[in-house]
Amino acid sequence: MDGETRRRFLLGVGASALLVGCAKTVGGAASPPASGEGEEDEDDVSPPEDLMREHGALNRILLIYEESGRRLDGGDAPPIEVVAGAAGIIRKFIEQYHEKLEEDFLFPRFEKANVLVDLVATLRRQHLAGRVLTEAILRLATAEALQRETERKELVATLAKFVRMYRPHEAREDTVLFPAFRHIVSPKELDALGERFEDEEHRLFGKAGFDGIVDQVGELEKRLGTYDLDAFTPTGP
């Protein structure tokens, strides 16, 4: 190959490479990668992250419980159907779904690996105690029960017990149990559990899933008057 022929060959290769590069870019943006290359669902979260997100919904219900208890203790009467509705979400979403996932899929793996077994035992006991408290709240959260001073005081005390237990309960799971879970299961098993959790969520709560539960909590907050986040901002020193 003489010099002129070689020069033309290299120019041709360069032009071909430029055309390929342009084909991959449309309007200044890179075209989507080939199927299976670099694709990742932004909504995908691991099981520990999913459970932590659900704790956010639980925390909002704890705020409903706190505010309702405060009003009841001060002689005021919050919309009692809000308390009953919050307890209903606790039963259906937290106890029968969220905690059941922990009891069926997380706790046994920690026990089998002999990791954090004392913590797991305490968390199991608190799940049982929480269900007893929820049963009492549902029984007491009626307009008729509020007319009786004894039951009104019992409701205030029961709401306080629930909040007092679940604040440290969820905090210990978020900061100790859930981070440790990644160390006792393989990435493949973690992915499989994530898919199973998602399937169960939509089976029980429909297409809206977790987002639908958050909407329900928001409606309760609006009826109680605690939905506006800025209302919690201090106005003075």
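This passage describes the salt bridges, aromatic pairs and charge-over-ring contacts of a predicted model.

Salt bridges are considered first. In total, the structure contains 17 of them. One is formed between Glu 221 and Arg 60, whose closest N and O atoms lie 2.6 Å apart. Glu 221 belongs to helix H8 (residues 209-224) and Arg 60 to helix H2 (residues 47-73), so this contact ties together parts of the chain that are 161 residues apart in sequence. The two partners can also be described by their accessibility. Glu 221 has a relative accessibility of 5% and therefore counts as buried, the cut-off for this class being under 20%. Arg 60, with a relative accessible area of 29%, is partly exposed.

A further salt bridge joins the side chains of Glu 135 and Arg 91, with an N to O distance of 2.7 Å. Here, too, distant parts of the chain are linked: Glu 135 is located in helix H4 (residues 117-140) and Arg 91 in helix H3 (residues 80-113), 44 residues apart. The relative accessible area of Glu 135 is 43%, and this residue is classed as partly exposed. Arg 91 is likewise partly exposed, at 26% relative accessibility.

Helices H3 and H4 are also the setting of the salt bridge between Arg 124 and Glu 111, in which the closest N and O atoms are 3.0 Å apart. Because Arg 124 lies in helix H4 and Glu 111 in helix H3, the pair ties together parts that are 13 residues apart in sequence. Arg 124 is partly exposed, with a relative accessible area of 28%, and Glu 111 is partly exposed at 35%. Elsewhere, salt bridges with shared partners connect Glu 67, Arg 70 and Arg 71 into one network.

Aromatic contacts form the second topic. A pair of aromatic rings is described by the distance of the centres and the angle of the planes. Across the whole structure, eight aromatic pairs are found. Among them is the pair of Tyr 65 and Phe 162, which has an edge-to-face arrangement, with 5.4 Å from centre to centre and 75 degrees between the planes. The angle places this pair in the edge-to-face class because that class takes planes over 60 degrees apart. Tyr 65 is part of helix H2 and Phe 162 is part of helix H6 (residues 149-181), so the two rings tie together parts that are 97 residues apart in sequence. Both Tyr 65 and Phe 162 are buried.

Phe 110 and Phe 181 form another aromatic pair, in this case tilted, with a centre-to-centre distance of 5.9 Å and an angle of 45 degrees between the planes. Phe 110 is in helix H3 and Phe 181 in helix H6, so this pair ties together parts that are 71 residues apart in sequence. Phe 110 and Phe 181 are both buried. In addition, ring pairs link Phe 93, Tyr 97, Phe 205 and Phe 210 into a cluster.

Phe 210, a member of that cluster, also takes part in a contact with a charged residue. Arg 53 is positioned over the face of the Phe 210 ring, at 4.5 Å from the ring centre. A contact of this kind involves Lys 222 as well, which lies over the face of Tyr 227 at 4.8 Å from the ring centre.

Technical notes
Residues are numbered from 1 along each chain as its sequence is written. This is a predicted model: local features need pLDDT of at least 70, side-chain atom pairs count only at pLDDT 80 or more; totals for chains, interfaces and linings use all residues. Side-chain values use heavy atoms; hydrogens and water are left out. A salt bridge is a side-chain nitrogen of Lys or Arg within 4 Å of a carboxyl oxygen of Asp or Glu. Helices (H or I, at least four residues) and strands (E, at least two) are DSSP runs, numbered from the N terminus. Buried means under 20% relative accessible area, exposed over 50%, partly exposed in between (1.4 Å probe, protein chains only). Rings of Phe, Tyr and Trp (its six-membered ring) pair if their centres lie within 6.5 Å; planes under 30 degrees apart count as stacked, over 60 as edge-to-face and the rest as tilted. A charge sits over a ring if NZ of Lys or CZ of Arg is within 6 Å of the ring centre and within 35 degrees of the ring normal.
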